[in-house]
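Student: Could you please take one part of this model and describe it closely? I should like to see how a single residue sits among its surroundings, and then what lies beyond it.

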Amino acid sequence: MDSKKLLILGANSDMAKAIANEFKAEGFELMLAVREPKNESELAFDAVDFASHEAFVKNMKVIPDVVVTAFGVLIEGDESFNSPQESLQSTLVNYSGVVSILGRLSKAMAERGSGTIIGISSVAGERGRGSNYVYGSAKAGVTAYLDGLRNYLADKGVHVMTVKPGYVDTKMKAHKPTPKLITVSPEQVAKAIFRGYKSQKNTIYVLWMWRWIMLIIRNIPEFIFKKMSL
Ligand SMILES: NC(=O)c1ccc[n+]([C@@H]2O[C@H](COP(=O)([O-])OP(=O)(O)OC[C@H]3O[C@@H](n4cnc5c(N)ncnc54)[C@H](OP(=O)(O)O)[C@@H]3O)[C@@H](O)[C@H]2O)c1
């Protein structure tokens with residue numbers, strides 16, 4: 001029997017590399033999509049080159065069984081405030097890029113009648129915070145998009161899983177140390193994603209604690225929240 005195919009979009013991300021290793025060890029064949037392919041086996045993919053997305057999917061030799069969106073850029077609150085243009089650009093990567101490429105892939109998978117889409121969103125999308133309000137707003141959009149897409153595809157044989165990793169020790173977070181207790185490695189994320197994929201979870205938090213942390217954060221009254229500079 002042919003091995004299952006996993007497409008990772010943004011395959012140079014630290015999380016993506018760990019996900020690739022995890023799925024490969026489980027027998028998957030990898031299709032790695034990056035901005036600048038280094039060899040013929042890698043696919044060229046730029047999340048903001050929207051005009052190329054239709055052809056990207058049409059030119060695939062085979063529609064993958066599983067797709068993971070792992071690309072993204074972090075933009076902090078001060079950067080967003082000081083550079084509206086950079087803010088806009090980040091939303092094109094983090095939100096519009098996801099909608100554009102998954103729009104094409106989900107259609108192809110639904111036409112085939114099978115597949116799993118795994119979207120990496122973030123707990124940052126659960127409540128707008130000053131420290132990353134533009135990034136968080138894009139991830140809120142991604143979470144709602146993935147939830148809605150899961151609902152839309154429910155009777156078409158395609159499953160959608162939303163991943164909220166919490167803090168992960170990757171180059172995206174290298175500039176700002178995060179509390180050790182609630183920070184995981186890319187390998188932990190990869191294992192949680194594989195487990196979630198196998199049991200067809202709808203949404204996963206990598207550490208159980210994040211579910212509770214975000215429940216508390218979502219319920220802090222706004223008049224207190226404003227003073228917390230989170
Ligand atoms: N790290 C965390 O704490 C954390 C927490 C929650 C969610 N996330 C999310 O998890 C995902 C992976 O994050 P990470 O921490 O592994 O990030 P990372 O190591 O910083 O990698 C980000 C990747 O995004 C790619 N990328 C950026 N712009 C792109 C574009 N226009 N088109 C295609 N690819 C593009 C980069 O490609 P190049 O290699 O070409 O630059 C890079 O490989 C992201 O969606 C991120 O928002 C991260």
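Tutor: Pro 165 lies in the loop that joins β6 (158-164) to β7; strands (E, at least two residues) and helices (H or I, at least four) are DSSP runs, numbered from the N terminus. The model is predicted, and local features need pLDDT of at least 70, side-chain atom pairs count only at pLDDT 80 or more, and totals for chains, interfaces and linings use all residues. Residues are numbered from 1 along each chain as its sequence is written.

Pro 165 is buried because it has 23 C-beta neighbours inside 10 Å; the cut-offs are 20 or more for buried, 12 or fewer for exposed, and partly exposed in between, with C-beta atoms placed from the backbone. Setting aside neighbours within four places in sequence, Pro 165 is in contact (C-beta atoms within 7 Å) with Ile 120, Val 184, Val 189 and Val 206. Val 184 is 19 residues away from Pro 165 in sequence, yet their C-alpha atoms are 8.2 Å apart.

From this loop one may pass on to β7. Residues 167-168 form this strand, and both β7 and α1 (14-25) supply at least two residues each to the shell around the ligand. A residue belongs near the ligand if its C-beta atom, placed from the backbone, lies within 6 Å of it. There are 25 residues around the ligand, and those that come nearest are Asn 12, Ser 13, Gly 72, Thr 170 and Met 172. By class, this shell holds 14 nonpolar residues, six polar and five charged.

Methods: Nonpolar A, V, L, I, M, F, W, Y, C, P; charged D, E, K, R; others polar. Contact = placed C-beta atoms within 7 Å.
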